[in-house]
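User: Could you take a close look at one spot on this chain and then tell me how the surroundings are put together? I'd enjoy one connected walk from the surface inwards.

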Amino acid sequence: MTTLSPARIPVRRGRLTVWAGLAVALTAVNLRTAVTGFTPLLEIMGSDLGFGVALAGLLGTVPAASFAVFGFLAPVVTRRFGLERTATVALSLTALSLVVRAFSPTPLALVLSTVLALAGIGAANVVIVPLVKAWFPDRIALWTSLYLLLMQTGQFVAPLLAVPVAEATSWRLSVGVWAVPAALAAVVWLVLAARLPADHHRPSVPATTGARPRISRSSTAWGLVVLFAMMALSNYGIITWVPAVLTDAGGSPALGGSMIALYSAWGVAAALVVPHVATRMANPFVVVVACSVVLMAGYLGLILSPLGGTVLWVCALGIGVSTFPLCMTLINRRTRTPESASAVSGFVQGIGYGLACFGPLGLGLLREATGSWTIPLLALAATVVPGVVAGWFACRPRFVEDSATRPPQQAATFPHPPQTRA
């Protein structure tokens with residue numbers, strides 16, 4: 001099993017922990033701003049650079065695709081350079097790419113710079129989970145809630161500022177301004193990494209095992225993959241198409257925009273509540289069931305009466321995707337070390353976001369083929385079923401390493417959840 005060697009553990013924490021906390025907080029703010037602060041400006045940028053709906057649709061699929069590809073690659077980099085240095089490079093790449101994107105002279109430059117910016121964010125998505133485990137092992141619930149809260153805040157604020165800033169100045173400034181917090185996060189990680197040993201939070205492989213555990217052998221890891229994938233597919237489907245569902249039913253574009261803001265606001269509440277619940281329950285499967293029931297109700301409500309209870313249905317959808325903070329918490333709770341958490345985080349988010357890429361595109365094709373939103377919404381509702389099944393495997397109280405390194409009958413007993421300090 002992958003572990004930290006004893007020689008790598010004694011590092012003076014104190015002031016370094018403060019730097020780590022600041023770095024985690026700044027990273028969290030940047031995890032969605034390059035996406036949600038960009039898409040409201042696609043029409044304006046299209047008019048300026050000369051591209052249409054097809055390229056705009058491609059740019060809409062880039063986030064999930066980039067998160068998937070670079071989610072897989074991030075653990076490989078951390079095994080070579082460590083968590084903190086990987087975070088430094090990831091945020092630096094994002095900041096630099098956002099500046100390039102702001103000055104893009106052609107659509108091709110816009111696409112390439114967007115891919116690079118989201119590559120950094122995809123890596124940051126993965127490493128922030130084990131960084132919380134590494135620096136705050138006795139406060140996992142608190143710090144998971146904090147970074148998810150800051151991430152949701154950035155996701156909510158960025159689109160609200162995008163158009164007003166673009167109208168007051170230019171779309172280039174509106175897009176480029178988010179390079180500033182990304183660069184600041186990179187600087188803080190750089191300061192922290194410079195004060196750490198070169199191999200700090202970099203895995204070593206004990207001679208007795210000769211190899212790292214194979215995550216693909218773990219039913220717990222696969223449960224997390226499918227649960228995360230179903231949540232991500234719903235999330236991207238909702239963000240992309242719920243405004244269209246409402247406008248096709250007779251609602252205004254303003255209604256669609258405000259409902260997406262309401263939907264995103266529920267992520268803040270989930271970030272505050274779910275991690276604490278998950279760390280206080282040996283088996284939080286009841287959270288999966290509750291979220292699935294509420295999510296199903298939201299989809300059925302949109303099918304039966306999209307404008308007669310819209311706020312209620314959107315709130316149900318916002319509550320229903322609360323399995324996202326649950327998955328992020330379980331990655332830490334179901335792994336023994338920060339290195340295993342990094343590997344599982346990349347595995348779960350890489351495959352999960354990869355599957356989520358098909359959501360917006362597939363739902364749009366179903367809408368075109370059937371002429372209504374009934375079948376696409378039923379398809380989304382159907383994803384609840386595999387999500388519940390996967391949640392049963394993900395929530396069982398056992399470590400990923402146990403089923404990945406030994407036969408199931410020899411798996412170690414999962415301890416009672418520790419008392420975490422909030």
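Analyst: Happy to. In this predicted model, let's start at V157, which is partly exposed, with a relative accessible area of 30%. That value is not under 20%, the limit for buried, and not over 50%, the limit for exposed, so V157 falls in between. V157 sits in helix 7, which covers residues 140-168. V157 also has company: together with F156, L160 and L161, V157 makes up a nonpolar patch on the surface. The accessible area of these four residues together is about 300 Å². For the spacing along a helix, the general point is this: an α-helix has 3.6 residues a turn, so residues three or four places apart point the same way.

Now to the frame around this spot. The chain has 19 helices and zero strands. Of its 422 residues, 54% are buried. The accessible surface of the whole chain is about 16,900 Å², and carbon and sulfur atoms account for 72% of that surface. As for how the chain is held against itself, consider the contacts with a separation of 6 or more: 86% of them join residues 24 or more positions apart.

What does a buried polar residue look like here? N332 is an instance: N332 is buried, with a relative accessible area of 2%. N332 belongs to helix 14, residues 323-333. The side chain of N332 reaches the backbone oxygen of V129 at 3.2 Å. Apart from neighbours within four places in sequence, N332 touches V129, P130, V132, K133, I140 and A341. Among these is I140, and residue 140 brings us back to helix 7, which spans 140-168 and holds V157.

Two leucines give a similar view of how separate stretches of sequence meet. L26, in helix 1 (residues 14-29), has a relative accessible area of 16% and is buried. Beyond neighbours within four places in sequence, L26 is in contact with L184, A185 and V188. The C-alpha atoms of L26 and L91 are 9.9 Å apart, although their positions lie 65 residues apart along the chain. L55, in helix 4 (residues 53-81), has a relative accessibility of 19%; the limit for buried is under 20%, so L55 counts as buried. L55 is in contact with P107 and V111, again leaving aside neighbours within four places in sequence. From L55 to L108 the C-alpha distance is 9.8 Å, with a sequence separation of 53 residues.

Helix 17 (residues 374-382) shows burial along one helix: P376, L377, L380 and A381 are buried there. These residues lie on the same side of helix 17, because they cover an arc of only 140 degrees around the axis. What covers them includes helix 10 (219-248), helix 12 (285-304), helix 16 (358-370) and helix 18 (384-395).

Charged side chains complete the picture. Side chains of opposite charge can pair when their charged atoms come close. The model has four salt bridges. One of them joins D248 and R367, with the closest N and O atoms 3.1 Å apart. This pair links distant parts of the chain, with D248 in helix 10 and R367 in helix 16, 119 residues apart. Both of these helices are among those that cover the buried residues of helix 17. D248 is partly exposed at 47%, and R367 is partly exposed at 21%.

Another salt bridge is the one between D48 and R172, at 3.9 Å from N to O. It too links distant parts of the chain: D48 is in helix 3 (residues 42-49) and R172 in helix 8 (residues 171-176), with the two positions 124 residues apart. D48 has a relative accessible area of 45% and is partly exposed, while R172, at 26%, is partly exposed as well. D138 and R139 also form a salt bridge, and their closest N and O atoms are 3.8 Å apart. D138 is partly exposed at 27%, and R139 is partly exposed at 29%.

To return to where we began: V157 is partly exposed at 30%, and V157 shares a nonpolar surface patch with F156, L160 and L161.

How values were computed:
Residues are numbered from 1 along each chain as its sequence is written. This is a predicted model: local features need pLDDT of at least 70, side-chain atom pairs count only at pLDDT 80 or more; totals for chains, interfaces and linings use all residues. Side-chain values use heavy atoms; hydrogens and water are left out. Patches are made of residues with over 30% relative accessible area and no salt bridge: like charges are joined within 9 Å, nonpolar side chains (Val, Leu, Ile, Met, Phe, Trp, Tyr) within 5 Å. Accessible areas come from the Shrake-Rupley method with a 1.4 Å probe; for residues, only the protein chains shown count as cover. A salt bridge is a side-chain nitrogen of Lys or Arg within 4 Å of a carboxyl oxygen of Asp or Glu. Helices (H or I, at least four residues) and strands (E, at least two) are DSSP runs, numbered from the N terminus. Buried means under 20% relative accessible area, exposed over 50%, partly exposed in between (1.4 Å probe, protein chains only). A polar contact is a pair of N or O atoms within 3.5 Å; within protein, one must be able to donate a hydrogen and the other to accept it, and residues adjacent in sequence count only if both atoms are side-chain atoms. Contact means heavy atoms within 4.5 Å. The arc is that of the directions from the helix axis to the C-beta atoms.
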